[in-house]
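User: Please take a close look at the aromatic rings in this structure. Walk me through how they pair up, then show me a helix that packs against its surroundings.

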Amino acid sequence: MSQQLSEQELVRRDSLTKLRELGINPYPQALYPVDALSKDIKANYEEGKKVIIAGRLMSRRIQGKASFAELQDSEGRIQVYFNRDEICSGDDHAMYNEVYKKLLDIGDFVGIKGELFKTQVGEISVRVKEFTLLSKSLKPLPLPKTDSEGKVHDAFTDPEMRYRQRYADLVVNPHVKEVFIKRTKLFNAMRTFFNERGYMEVETPVLQPIPGGAAARPFVTHHNSLDIPLYMRIANELYLKRLIVGGFEGVYEFSRNFRNEGMDRTHNPEFTAMEIYVSYKDYNWMMAFTEQLLEYCAIQVNGTTKATFGEHQVDFKAPYKRVTMRQSIIDFTGFDIDGKTEDELRTWCQSNNIEVDETMGKGKLIDEIFGEKCEGNYIQPTFITDYPKEMSPLCKEHRENPELTERFELMICGKEVANAYTELNDPIDQKERFEAQLKLAERGDDEASQFIDYDFLRALEYGMPPTSGLGIGIDRLVMYLTNNQSIQEVLFFPQMKPEKKSVELSESEKAILEVLKKAERMDVGELKNAVGLSGKQWDKGMKGLNKHGLVKVEVDGESKVCVLV
RNA sequence: GACCUGAUAGCUCAGCCGGUAGAGCAUUUCACUUUUAAUGAAAGGGUCCUGGGUUCGAAUCCCAGUCAGGUCACCA
């Protein structure tokens, strides 16, 4: 891949050569004995203390024989003070004048041995006694700056560039780094919460012969030696339940799921869910468990149960409100779905501006009403309970109403964050529900599952204890806890369309070359006429050829001659 | 999938009615020993996203496309 280097990149490559000529390895092998971090230095300042620090050079203010610079390490930035006479011995000033001033650049990794002091204006700084180039940076970083009023100039904000070059984003945007630190804190908090209760973190297959546990379009791949298709997992539910059958009390997994569907600011083709299954529990227990968990996580991540999301203030403090789906619909529409026939529901939808079609059954219709009229109203964490049976093929029938299931979803800011069941463990009922799904799929409902996992049914036949399971959309939760409106902001490397490749010769360039090849050299005016391109095409073509170094224009007084190189 | 907006120097952005491509930071050179985004002076740096059209002439107008962002639709 050939690539035009900018002037600044060429300068840095040149510096690289000069450093080597001075006997300085720009990419040394040896470890650097770092013994201090910027944050600790500032927190525990001691005048004159010797420190060894390392990081990226992020700014420089050079004034003659002295210079202030900022070094950025994993914890932040610290000011360092370079003085020619401190780092150079005798009359040899090369280390300061040449190496520091000319051959180092912003972005270089440098190791520094020095002493702590405070400048006249009181800023904690490191007086450099000795510095070592640890790694040369050949590409200039974006360079946001913060002024004395805290205003940021030249911020690196273009989402396309930030997502494609997340490494640069992380270097120059500390608030972006903070999001990912919080993301990891959330994982750690959940693990702690589960592990303290004796539940076990497990791993289940990502490549599955049957994609189950959710209705979603899977990615398909192919295993060569088995010569079978394999699907990337869309959910891990069925595998975790097999482990409950196997006798674990509680199992959980942070599962990367893959769904071959549309992408937008809340959907990435791969996303992270956490699923946990606990035996001998039901969904009432799971609701209490969930609100305790989220309260704990919010505190571990943000130090408080309160979080800001856009215009909303959300409080994760338990307990959360519980509303049945039936009551929710009554609350927002005055319509009671209880005991209504499919036709009655459809008629109501039609007269209330809800789009429906003939393929929708009762469950789907109720779901539409809820989605249209209720869902968006739940800002504070709220459990919506008791979903219609058709929508929940893996969930146990409600103990009081056979048309419903023991299921809840947790709504926050109008979106689903968690989904939980009293799990269906009756193998015969489960088989019938799978078969019903299959029929729906055959009829063309693309949301219904197209596979029956007979091995999962076999597992249930051995017997699964009563179990409750919970799934949490981790990315969405991170969005809420870090006040980000898009999933791309909380994924290190969101999926992007491939960057376009630079094309070879354009048609106009080829046309000009064609004519010029016969003549070797030609007057520019004549050449333009001979090629017969429009002004714009001609201009583009010539610029392109010039750039590729294929033609050259020789100017001699009035005449301009185009020459093949 | 529909619609709206955007793409110009390494970065952030101007660029009017179509007429030689601009600023700040960054870079290079020179001066400067405690500075706080921004010392002074000078210089260099461009596939104006791609392709086509209109035009004597296009960064600018028109069409098509690419990529991104947003709104909506879809979405267990």
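Analyst: The structure, a predicted model, holds 24 aromatic pairs. Take one of them. Tyrosine 100 and phenylalanine 131 meet edge-to-face. Their ring centres are 6.3 Å apart, and the planes stand at 75° to each other. An angle over 60 degrees is what counts as edge-to-face.

Where do tyrosine 100 and phenylalanine 131 lie? Tyrosine 100 is in helix α4, residues 94–103. Phenylalanine 131 is in strand β5, residues 124–135. The two are 31 residues apart in sequence, so the pair ties together separate parts of the chain. Both tyrosine 100 and phenylalanine 131 are buried. Tyrosine 100 has a further partner: arginine 60 lies over the face of its ring, 5.1 Å from the centre.

Now a stacked pair. The ring centres of tryptophan 285 and phenylalanine 289 are 4.8 Å apart. Their planes are at 20°, so this pair counts as stacked. Both residues belong to helix α9, residues 283–302. They sit four residues apart, about one turn of the helix. An α-helix has 3.6 residues a turn, so residues three or four places apart point the same way.

Are the two residues buried or partly exposed? Tryptophan 285 counts as partly exposed because its relative accessibility is 26%. Phenylalanine 289 has a relative accessible area of 5%, so it is buried. The cut-off for buried is under 20%.

Tryptophan 285 and phenylalanine 289 also belong to an aromatic cluster. Its other members are Phe187, Phe193, Phe194, Tyr199, Tyr252, Phe254 and Tyr296. One of the members, phenylalanine 193, has arginine 197 over its face. That arginine is 3.5 Å from the ring centre.

Next, the helix. α12 has twelve residues. From first C-alpha to last, α12 reaches 16 Å, close to the 16 Å expected at 1.5 Å a residue. Which residues of α12 are buried? They are Lys362, Gly363, Leu365, Ile366, Ile369 and Phe370. These residues are on the same side of α12 because they cover an arc of only 170° around the axis. What covers them includes α10 (325–333), α11 (342–350) and β17 (382–385).

Look closer at lysine 362, in α12 (residues 362–373). Its side chain reaches the backbone oxygen of lysine 340 at 3.2 Å. Beyond its neighbours within four places in sequence, lysine 362 is in contact with Lys340, Glu342, Leu345, Glu390 and Glu403.

Conventions. Residues are numbered from 1 along each chain as its sequence is written. Chains are lettered from A and ligands numbered from 1 in the order in which they are written. This is a predicted model: local features need pLDDT of at least 70, side-chain atom pairs count only at pLDDT 80 or more; totals for chains, interfaces and linings use all residues. Side-chain values use heavy atoms; hydrogens and water are left out. A polar contact is a pair of N or O atoms within 3.5 Å; within protein, one must be able to donate a hydrogen and the other to accept it, and residues adjacent in sequence count only if both atoms are side-chain atoms. Contact means heavy atoms within 4.5 Å. The expected span of a helix is 1.5 Å times one less than its number of residues. Buried means under 20% relative accessible area, exposed over 50%, partly exposed in between (1.4 Å probe, protein chains only). The arc is that of the directions from the helix axis to the C-beta atoms. Rings of Phe, Tyr and Trp (its six-membered ring) pair if their centres lie within 6.5 Å; planes under 30 degrees apart count as stacked, over 60 as edge-to-face and the rest as tilted. A charge sits over a ring if NZ of Lys or CZ of Arg is within 6 Å of the ring centre and within 35 degrees of the ring normal.
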